[in-house]
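The following report examines selected local features of a protein model. Strand pairing, open and enclosed space, and aromatic contacts are taken in turn.

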Amino acid sequence: MDLNVPYHLENYIGGNLVAPLNGNFLDNINPATGQVYGQIPDSLKRDVDAAVHAAQKVFPLWSITSVDERFRLLNRIADIIDANLEELALAESNDNGKPLWLSKKVDIPRASANFRFFATGIMHFASESHAMEDKAVNYTLRQPLGIVGCISPWNLPLYLFTWKIAPALAAGNCVIAKPSEVTPATAYLLSKICIEAGLPPGVLNIVHGTGPGAGEAIVTHPDVKAISFTGSTRAGERIASLAAPKFKKLSLELGGKNPAIIFADCNWERMMADTIRSSFSNQGEICLCGSRVLIEESIYEKFRTEFVERTKALTVGDPLDDSSKQGAIVSKVHYEKILRCIETAKKEGGKILCGGNAVQLTGRCENGYFIEPTVIEGLGPSCQTNREEIFGPVVTLQAFKTEEEALELANATEYGLAATVWTQDISRANRVASKLQSGIIWVNCWLLRDLRTPFGGVKNSGVGREGGWEALRFFTEPKNVCVQL
Ligand code: NAD
């Protein structure tokens, strides 16, 4: 099938690819070149209304489609994603600026894995039963919610888009989905894949546009029963304020300011390799990246020297070049924000150990948005740099003397998404894990993902959990039936 990205993207509504009703489009920019290379629908309420209408028409049929059939269709989508890995990876890299090798290795394989995982999951999903001795038996039905909204960010575009859509569809819901307006290409290609796979028209509708435009129209639509959102804490707060008075079910996966805690007894080589990865993978634009590196004082000097040396060796370059370890920052706005954060760190008294500047490439990428991987020291837990999410290739180093101090530093933010602990002492690892204010803890590893585990944050990092049964429970309504014997 033809999976080239056309200049004008279209919405996917009622099984058709259609232009926005107002005829307005937004520019789509390749961040590695700084050039406009396409346009995306600037959809508004009327487009969302059309999508909801299409979903309403098919929901009665889709909600009673057998799980075998849903399993077959979702696996078919996964097969087509796998068969078109190269085209999808290229589209993702051009849209987001991430290295092509990374899209091929992580983003696109994970998108098909999401469909396969939830296709299989729904075959095994069961509901509860509670017997009351000889009096009665209760059984709980888990029925689809109806029409649900899925809104995703730009950092792992197809990966996170499908992480929401797959369980929602598997559970028998119809979906109105909106990808980030910054990275719409692979979501558009997914529309074509769903048509090819034979997904019934209206079961999945993809509406492109901005947060305030298309996004809020989805969130406030009276017939959209639930919202699964991944993005910034600020947008999450706005969405919660719009959806809560309408009593919608909400899952919010928000920002992070994750600590990596390194004790002196860690396995040095594994810790070093993974801490470089957890700091700078995807240009640091992963919500799970460890942006505050906390190091036991006795190994601080040794750590700093080697970490800075390895950071300097990370090549920033054209995302299409296999030797580039770091690609472009996703947009000009975000690039400028990261550079401002580095300036703030300097004003706060931070010392730049390496990086700290924009990178000027030549040739194809001369107008792209590139930033050196940056390591900063000398800042305490109360400064803005250590409290606010930067979401770029910027980390700070802080030393600690005791386990208590490590925990105090780690928990000293409003966020609580993920944390990493490096130690060979199993008792300490478990003790620290239990006291960290985070939804996800990795001990002696990072980003080792089992899709069955609950995924999500505490504090300002979100509400609710995705993954495994959590996602299928979120996308179903429990209904208890009590039968007297
Ligand atoms: P963002 O909040 O700006 O946008 C995310 C999505 O929400 C986009 O599709 C956007 O158009 C839409 N949106 C924005 N405002 C909206 C509104 N008022 N109503 C409805 N929709 C709205 O986030 P971003 O800049 O695209 O992504 C980066 C953020 O996402 C970071 O904060 C990062 O930590 C977070 N993130 C979190 C996770 C997680 O699992 N917790 C994963 C990835 C990214």
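Which residue stands opposite valine 375 in strand 17? In this predicted model, the residue facing valine 375 is cysteine 354.

**Strand 17 and its neighbours**

Cysteine 354 belongs to strand 14, which spans residues 351–354 and runs antiparallel to strand 17, the two being joined by 3 bridges. Strand 17 also pairs with strand 18 (residues 394–400), here in the parallel sense and over 4 bridges. Within that second pairing, threonine 374 has valine 394 of strand 18 as its bridge partner. Strand 17 itself comprises residues 374–377 and is covered on both faces. Thr374 and Ile376 are buried on one side, while Val375 and Glu377 are buried on the other.

**Open and enclosed space**

The second largest pocket holds about 520 Å³ of space. Its lining consists of 23 residues, and those nearest the centre are Trp101, Leu102, Val106, Arg277 and Ser281. By class, the lining of this pocket contains 12 nonpolar, 4 polar and 7 charged residues. Helix 4 (100–124) and helix 9 (268–280) each contribute at least two lining residues, and the greatest share, 6 residues, comes from helix 4. Both domain 1 (11–254 + 461–484) and domain 2 (258–452) provide at least three residues to the lining of the second largest pocket.

As for enclosed space, the model contains 5 cavities of 30 Å³ or more. The largest cavity has a volume of about 110 Å³. It is lined by 15 residues, with Gly284, Cys289, Ser291, Phe391 and Gly392 lying nearest its centre. The lining of the largest cavity divides into 6 nonpolar, 7 polar and 2 charged residues.

**Aromatic contacts**

Across the whole structure, 10 aromatic pairs are found. Two of them are set out below.

| Aromatic pair | Distance between ring centres | Angle between planes | Class |
|---|---|---|---|
| Phenylalanine 118 and tryptophan 163 | 5.7 Å | 55° | tilted |
| Phenylalanine 280 and phenylalanine 307 | 6.2 Å | 25° | stacked |

Why does the pair of phenylalanine 118 and tryptophan 163 tie together parts that are 45 residues apart in sequence? Phenylalanine 118 lies in helix 4, whereas tryptophan 163 lies in helix 5 (residues 157–170), so the contact ties together these parts of the sequence. Both phenylalanine 118 and tryptophan 163 are buried.

The pair of phenylalanine 280 and phenylalanine 307 counts as stacked because its planes, at 25°, fall under the limit of 30 degrees. This pair links distant parts of the chain, with phenylalanine 280 in helix 9 and phenylalanine 307 in helix 10 (residues 300–312), 27 residues apart. Phenylalanine 280 and phenylalanine 307 are both buried. The two residues also belong to one aromatic cluster, formed by Trp268, Phe280, Phe303 and Phe307.

**An exposed phenylalanine**

Is phenylalanine 247 buried or exposed? The relative accessibility of phenylalanine 247 is 76%, and because the threshold for exposure is over 50%, phenylalanine 247 counts as exposed. Phenylalanine 247 is located in the loop between helix 8 (233–243) and strand 11 (249–253). Its C-alpha atom is separated by 20 Å from that of alanine 177, a residue 70 residues apart from phenylalanine 247 along the chain.

Definitions and conventions. Residues are numbered from 1 along each chain as its sequence is written. This is a predicted model: local features need pLDDT of at least 70, side-chain atom pairs count only at pLDDT 80 or more; totals for chains, interfaces and linings use all residues. Side-chain values use heavy atoms; hydrogens and water are left out. Buried means under 20% relative accessible area, exposed over 50%, partly exposed in between (1.4 Å probe, protein chains only). Two strands pair if DSSP finds at least two bridges between them. On a 1 Å grid over the protein atoms alone, a cavity is a set of points where a 1.4 Å probe fits but cannot get out, and a pocket is an open set with protein on both sides within 12 Å along at least five of seven lines; lining residues have an atom within 4 Å of a point. Grid points are joined across faces, edges and corners, and a volume is the space filled by probe spheres set on the points. Ala, Val, Leu, Ile, Met, Phe, Trp, Tyr, Cys and Pro count as nonpolar, Asp, Glu, Lys and Arg as charged, and the others, Gly among them, as polar. Domain bounds come from an automatic or database domain assignment. Rings of Phe, Tyr and Trp (its six-membered ring) pair if their centres lie within 6.5 Å; planes under 30 degrees apart count as stacked, over 60 as edge-to-face and the rest as tilted.
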